[in-house]
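Here's a short tour of one protein chain, written for someone new to reading structures. Take a look at it, then come back for the details.

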Amino acid sequence: MYRYDELPLVKPRSIDKIDPAPGQFVLDKTSVTKLNKDEVYIYIIDTNNNIQIAPRGSAGRTGVKHTQLSGGEAVKGAGELKMNSDGTLLINNQSGRYRAQSSDALKKLESHLSNMNIKSKSTSEVIN
């Protein structure tokens, strides 16, 4: 299992939604096949080193929030992801709730995905 133990926990800057996220699941080698191409998802790296994801839904106030994936708890990383039509997973560390996360979190996520034979590409842009 891939570990994020050395990453610091980051508390959310605000919590306005912690009800369960619709469609939430743990991203791993087998569940990656559940991703709908060109749909935007959000993710968190939880305290147990799991990558929890769910479809983002509408961007802005009505969509799923990172705090829904974490139950309002601190996380090791958070952002957005999308499976492009060529099979590359586009990832970033964009989160309005977990802004102070380590820059290493995205690098570690890329390495973890590579170890699962999932081709990924990081970006600093918001994913649409």
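We'll start with the whole chain and then zoom in on a few residues.

Before anything else, keep in mind that this is a predicted model, where local features need pLDDT of at least 70, side-chain atom pairs count only at pLDDT 80 or more, and totals for chains, interfaces and linings use all residues. Residues are numbered from 1 along each chain as its sequence is written, and side-chain values use heavy atoms, with hydrogens and water left out.

**The whole chain**

The chain has two helices and six strands; helices (H or I, at least four residues) and strands (E, at least two) are DSSP runs, numbered from the N terminus. Read from the N terminus, the order is β-β-β-α-β-β-α-β. With a radius of gyration of 13 Å, close to the 14 Å from the globule rule for 128 residues, the chain is as compact as a globular protein of that length. That radius is taken over C-alpha atoms, and the rule is 2.2 Å times the number of residues to the power 0.38. The C-alpha trace spans about 35 × 35 × 25 Å along its principal axes.

Buried residues account for 48% of the 128 in the chain. Here, buried means under 20% relative accessible area, exposed means over 50%, and partly exposed is in between (1.4 Å probe, protein chains only). Of the contacts (heavy atoms within 4.5 Å) with a separation of 6 or more, 72% are between residues 24 or more positions apart.

**Four residues up close**

Here is where four residues sit and how accessible they are.

| Residue | Place | Relative accessible area |
|---|---|---|
| Asn 49 | loop between strand E2 (40-45) and strand E3 (51-55) | 3%, buried |
| Gln 52 | strand E3 | 12%, buried |
| Ser 95 | loop between strand E5 (89-91) and helix H2 (104-115) | 9%, buried |
| Asn 117 | loop between H2 and strand E6 (120-122) | 73%, exposed |

Let's take Ser 95. Setting aside residues up to four places away in sequence, Ser 95 touches His 66, Ala 78 and Gln 101. The side chain of Ser 95 also reaches the backbone nitrogen of Tyr 98 at 3.0 Å. Ser 95 and Ser 120 are 25 residues apart in sequence, and their C-alpha atoms are 19 Å apart in space.

Now for Gln 52. How far apart are the C-alpha atoms of Gln 52 and Asp 28, which are 24 residues apart along the chain? They are separated by 9.5 Å. Beyond its neighbours within four places in sequence, Gln 52 is in contact with several residues, among them Phe 25, Ile 44 and Leu 69. The side chains of Gln 52 and Asp 46 make a polar contact of 3.2 Å. A polar contact is a pair of N or O atoms within 3.5 Å; within protein, one must be able to donate a hydrogen and the other to accept it, and residues adjacent in sequence count only if both atoms are side-chain atoms.

Asn 49 has a polar contact too: its side chain is joined to that of Lys 76 at 2.9 Å.

Finally, a bit of backbone geometry. Most residues other than glycine have a negative phi. Asn 49, though not a glycine, has a positive phi of about 70°. Asn 117 isn't a glycine either, and its phi is positive at about 60°.
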